[in-house]
Amino acid sequence: MSLDLHVDRGSPVPLYFQLSQQLEAAIEHGALTPGSLLGNEIELAARLGLSRPTVRQAIQSLVDKGLLVRRRGVGTQVVHSQVKRPLELSSLYDDLEAAGQRPATKVLVNTVVPASAEVAAALGVTEGGDVHRIERLRLAHGEPMAYLINHLPPGLMDLDTGRLEATGLYRLMRSAGITLHSARQSIGARGATGTEAERLTEAEGAPLLTMRRTTYDDTGRAVELGDHTYRPGRYSFEFQLLVRP
């Protein structure tokens, strides 16, 4: 590992945290790529003039975040960087691709179902009428990242399973001539259900990030209702907040 690492002993910031922040930045910016080895803790401690417990604490904090993994007989290895998704009208597929995360999709359900009252209200269709339901597992570097449930109005576009696994839903909408304009979105957190836990390889009851989004085209028509759950160790939302004068 040939990273430019350094610590400031005059800073009030703990030394382990300074080191963990630099390593995390290296992972996020691609200087440490998935699969690369971090190196020997003893050598890293000697190089920076730190104690082994300090280096171990820095590394453990990144293991706890899911960015590093300790493998017996191999060493400490980079797993992945966390995807930080801006709060704007973009698709997870596009965000993963932009972050160099090699997105892949597995379609679990692709069918027509009767609209529940909640889905009907969001999409502006008749309760009990047909709507399209898609359930997908979104992966990055072969690991599950998000479980996506989407409802769409009937007859909106061709929702072929092969095409859904080849690219993102919003890309398919754009290729069908649908101009996405705006969305109403809410973000939360809750424990994983049994189904979500199994699909996301988490423990039942483990905390998950949630997002519900209703998306509208340039005519004001609702074109999608999405209910998504994310593994928080792999994913976060970024906000930009402005101070009101």
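**Exercise 1. The α2/α3 pair**

What is the handedness of the crossing of α2 and α3? Describe the packing of these two helices, then list and classify the residues in contact.

*Solution.* The model is a predicted one.

Step 1. Choose the descriptors. Two packed helices are described by the angle between their axes and the distance between the axes.

Step 2. Apply them. Helix α3 covers residues 52-64. The axes of α2 and α3 come within 9 Å. They cross at roughly 115°.

Step 3. Name the arrangement. Angles of 65 to 115 degrees count as roughly perpendicular. The two helices, α2 and α3, are therefore roughly perpendicular to each other.

Step 4. Give the hand. α2 and α3 cross in the right-handed sense.

Step 5. List the contact. From α2 come E41, I42, L44 and A45. They meet R52, V55, R56 and I59 of α3. By class, this contact of α2 with α3 has five nonpolar, no polar and three charged residues.

**Exercise 2. The α1/α3 pair**

At roughly what angle do the axes of α1 and α3 cross? Work through the geometry and the contact of this pair.

*Solution.*

Step 1. Take the geometry. The axes of α1 and α3 come within 8 Å and cross at roughly 45°.

Step 2. Name the arrangement. α1 and α3 are therefore oblique to each other.

Step 3. Give the hand. The crossing of α1 with α3 is right-handed.

Step 4. List the contact. α1 contributes L15, Y16, L19, S20, L23 and E24. α3 contributes T54, V55, Q57, A58, S61 and L62. By class, the contact of α1 with α3 has seven nonpolar, four polar and one charged residues.

Step 5. Look for a residue of α3 in both lists. V55 meets α2, and V55 also takes part in the contact with α1.

**Exercise 3. Two leucines**

Is L32 buried or exposed? Locate L32 and L44, and give a spatial partner for each.

*Solution.*

Step 1. Place L32. This residue lies in the loop between α1 (15-28) and α2 (41-48).

Step 2. Test L32 against the cut-off. Buried means under 20% relative accessible area. L32 has 5% relative accessibility, so L32 counts as buried.

Step 3. Find its partner. L32 and L3 are 29 residues apart in sequence. Their C-alpha atoms are 8.7 Å apart.

Step 4. Turn to L44. L44 sits in helix α2. Its relative accessibility is 5%, so L44 counts as buried.

Step 5. Find the partner of L44. R56 is 12 residues from L44 in sequence and 9.9 Å away, C-alpha to C-alpha. R56 belongs to the α3 side of the α2/α3 contact.

**Exercise 4. The open sheet**

In what order do the six strands of the open sheet stand? Identify the edges and follow the pairings inward.

*Solution.*

Step 1. Write the order. The strands run β4-β5-β6-β9-β8-β7, with antiparallel pairing.

Step 2. Mark the edges. β4 (103-114) and β7 (180-191) each have a single partner strand, so one side of each is left without a neighbour in the sheet. The twist averages 15° from one strand to the next.

Step 3. Start at β4. β4 and β5 (residues 130-140) pair antiparallel over 11 bridges. T111 has R133 in β5 as its bridge partner.

Step 4. Move to β6 and β9. Strand β6 covers residues 143-152, and six bridges join this strand to β9. Y147 has T229 in β9 as its bridge partner.

Step 5. Pair β9 with β8. Eight bridges link β8 and β9, again antiparallel. Y216 stands opposite A222 in β9.

Step 6. Check the cover on β9. This strand spans residues 222-230. Eight of its nine residues are buried.

**Exercise 5. Positive phi**

Where does T201 lie? Examine T201 and G220, both with positive phi.

*Solution.*

Step 1. Place T201. The residue is in the loop between α8 (194-200) and β8 (207-217).

Step 2. Read its backbone. T201 has phi near 55°, a positive value in a residue other than glycine.

Step 3. Judge exposure. Exposed means over 50%. T201 has a relative accessible area of 51%, so T201 is exposed.

Step 4. Compare G220. The hairpin of β8 and β9 has four residues between the strands. There, G220 takes a positive phi near 90°.

**Exercise 6. The whole chain**

How many helices and strands are there in the protein chain?

*Solution.*

Step 1. Count the elements. The chain has eight helices and 10 strands.

Step 2. Add burial. Of its 245 residues, 44% count as buried.

Step 3. Add contact range. Among contacts with a separation of 6 or more, 58% join residues 24 or more positions apart.

Definitions and conventions:
Residues numbered from 1 in each chain as written. Predicted model: local features only at pLDDT ≥ 70, side-chain atom pairs only at ≥ 80, totals over all residues. Heavy atoms only, no water. Pairing = 2+ DSSP bridges. Axes fitted to C-alpha atoms, helices over the stretch in contact; angles between N-to-C directions. Buried < 20%, exposed > 50% of the residue type's maximum accessible area, 1.4 Å probe, protein only. Parallel < 35°, antiparallel > 145°, perpendicular 65-115°, else oblique. Left-handed = near helix turned anticlockwise from the far one by under 90°. Contact = heavy atoms within 4.5 Å. Nonpolar A, V, L, I, M, F, W, Y, C, P; charged D, E, K, R; others polar.
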